[in-house]
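Please work through the exercises below with the sequence and the 3D view open beside you. Each task is followed by a solution that proceeds step by step.

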Amino acid sequence: MTERELDAAGITDPALRDAYRLSRRLNARHGKTYFLATRLLPLDRRPAVHALYGFARWADDIVDDPGAPGTPAGADRRAAALDTMDGHLASALRTGTGEGTGTRTGTEAPPVVRALAHTAARYAIDHRHFADFMASMRSDLTVTRYPTYADLHRYMHGSAAVIGLQMLPVLGTVAPREEAAPHAAALGVAFQLTNFLRDVGEDLDRGRVYLPEDLLGSFGVDRALLRWSRDTGRADPRVTAALAAAFDLTRGVYRRARPGLDMLDPRARPCIRTAFVLYGAILETIADNGFDVLHRRAVVPRRRRAALALDGVTRVAAGRLRAAYRAPHPGARPEGRPGRYRLARHHPAAPAPHPQLMEAP
């Protein structure tokens, strides 16, 4: 499928095709949930999405590099790697190609940066989103706690909300982009909060807690109690209550994101709706497991993932049939306004233990 995607997107330069292939592999390996949904997009838009997510994963791997231990020297190594990447990124965005980056080393930009720069130029993506993203990645080198949700939200603006904003030009909208933007940003935050809740134990092992301290503290939970529960394998009702509150907070962000689905180009909606439901299913699984995220990883059963993906495929096929049915026959007199999309109503999601999250997606 990779070659068909690249051909459909009109990407012909061999080195650039290789860059997009690498981005696609990174997305497939690290972002299984969203990669599955991305396959519901039209062929020509998939490489751009892979470029955006591949770059994000590349930066995240630098921050979480297991070869750079949590010591001052390890932090310096990560910071240097981010500095190099930032230099490549700034120059690549200026040229739109990643060639002749002008960094101190004089080397060419890494392939993921080249693919990103090409995508940013093609879709006129605001460069501020990438600067905000890099700022959040840099903060991960030193920040390990968030006293309030406002503090966490400032971090998530760069690490998650801007991903949704970067995606909008690629996906296309039927509403003014500035109207869709807050919902796209909220969706990025909802996905990241889901990951934070699922990965509390793993993040704790890396020395980070991404849940707000004021939320945890209102239930008598602190880092020491989380560490005790993680190390002993024993649950604590205070921890469970705090995690349930984080779950409710995340559901609220999903509700704020939901109206944005209908603002997307109909050809992009099945992809984003499927991602919305798949990530929501992770959240449901966390609740079904009794919020035991410190001792087990919430995984959506493969059968359910396949069913949700099949629903997305069905929507894509139905949309194409509707488009073919509405297309005028050769020589027929056109009716209606050209270029207007007919908004499709979304079917309710499959029954779930927490229907509030899945309000008519």
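## Exercise 1: Asp18 and its partners

Asp18 has a relative accessibility of 44%, and because this value falls between the cut-offs of 20% and 50%, the residue counts as partly exposed.

**Task.** In this predicted model, determine with which residue Asp18 forms a salt bridge, and which residues are joined with Asp18 into one network.

**Solution.** Step 1: Asp18 forms a salt bridge with Arg21, and the closest N and O atoms of the pair are 2.4 Å apart. Step 2: both residues belong to helix α2, where a spacing of three residues means that Asp18 and Arg21 are separated by about one helical turn. Step 3: following salt bridges that share partners, one arrives at a single network made up of Glu3, Asp7, Arg17, Asp18 and Arg21.

## Exercise 2: Glu5 between two arginines

**Task.** Work out which parts of the chain are linked by the salt bridges of Glu5 with Arg24 and with Arg46, and decide whether Glu5 is buried or exposed.

**Solution.** Step 1: the side chains of Arg24 and Glu5 meet in a salt bridge with an N to O distance of 3.2 Å. This pair links distant parts of the chain, since Arg24 sits in helix α2 (residues 14-30) and Glu5 in helix α1 (residues 2-8), 19 residues apart. Step 2: the side chain of Glu5 also meets that of Arg46 in a salt bridge, again listed at 3.2 Å from N to O. Because Glu5 lies in helix α1 and Arg46 in helix α4 (residues 46-63), this pair ties together parts that are 41 residues apart in sequence. Step 3: the cut-off for a buried residue is under 20% relative accessible area; Glu5, at 2%, therefore counts as buried, and Arg46, at 6%, counts as buried too. Arg24 is likewise buried. Step 4: for the wider setting, the structure holds 25 salt bridges.

## Exercise 3: The nonpolar cores

**Task.** Find out how many residues the largest nonpolar core has, which helix gives the largest share of it, and which residues Tyr34 touches.

**Solution.** Step 1: the protein chain has 15 helices and zero strands, and buried residues make up 50% of its 361 residues. Step 2: the largest nonpolar core has 95 residues, and those with the most contacts inside it are Tyr34, Phe133 and Ile272. Helix α9 (residues 177-198) provides the largest share of this core, namely twelve residues. Step 3: leaving out residues up to four places away in sequence, Tyr34 touches Val49, Tyr53, Met167, Phe191, Cys271, Ile272, Ala275 and Tyr279. Step 4: apart from this core lies another, of eight residues, among them Leu16, Tyr20, Ala51 and Ala115. As background, nonpolar side chains tend to be buried together in soluble globular proteins.

## Exercise 4: Two serines and a proline

**Task.** For Ser229, Ser91 and Pro266, establish where each residue lies and whether it counts as buried or partly exposed.

**Solution.** Step 1: Ser229 is found in helix α12 (residues 223-232), and at 1% relative accessibility it counts as buried. The side chain of Ser229 reaches the backbone oxygen of Arg234 at 2.6 Å. Beyond residues up to four places away in sequence, Ser229 touches Arg234, Ala235, Leu294 and His295. Step 2: Ser91 has its place in helix α5 (residues 72-95), and its relative accessibility of 4% means that it counts as buried. The C-alpha atoms of Ser91 and Glu108 are separated by 9.9 Å, the two residues being 17 residues apart along the chain. Step 3: Pro266 lies in the loop between α13 (237-257) and α14 (269-288), and at 24% relative accessibility it counts as partly exposed. Pro266 and Gly172, although 94 residues apart in sequence, are 8.8 Å apart from C-alpha to C-alpha.

## Exercise 5: Confidence along the chain

**Task.** Identify over which residues the pLDDT lies below 50 or stays under 50, and how many contacts the model has there.

**Solution.** Step 1: the mean pLDDT of the protein chain is 83, with 78% of its residues reaching 70 or more. Step 2: over residues 100-105 the pLDDT is below 50, and this stretch has eleven contacts in the model beyond near neighbours in sequence. Step 3: the pLDDT also stays under 50 over residues 324-361, for which the model has 57 contacts beyond four places in sequence.

Terms used. Residues are numbered from 1 along each chain as its sequence is written. This is a predicted model: local features need pLDDT of at least 70, side-chain atom pairs count only at pLDDT 80 or more; totals for chains, interfaces and linings use all residues. Side-chain values use heavy atoms; hydrogens and water are left out. Helices (H or I, at least four residues) and strands (E, at least two) are DSSP runs, numbered from the N terminus. Buried means under 20% relative accessible area, exposed over 50%, partly exposed in between (1.4 Å probe, protein chains only). A salt bridge is a side-chain nitrogen of Lys or Arg within 4 Å of a carboxyl oxygen of Asp or Glu. A nonpolar core is a set of buried Ala, Val, Leu, Ile, Met, Phe, Trp, Tyr and Cys residues joined through side-chain atoms within 4.5 Å. Contact means heavy atoms within 4.5 Å. A polar contact is a pair of N or O atoms within 3.5 Å; within protein, one must be able to donate a hydrogen and the other to accept it, and residues adjacent in sequence count only if both atoms are side-chain atoms. pLDDT is the predictor's confidence in each residue, from 0 to 100.
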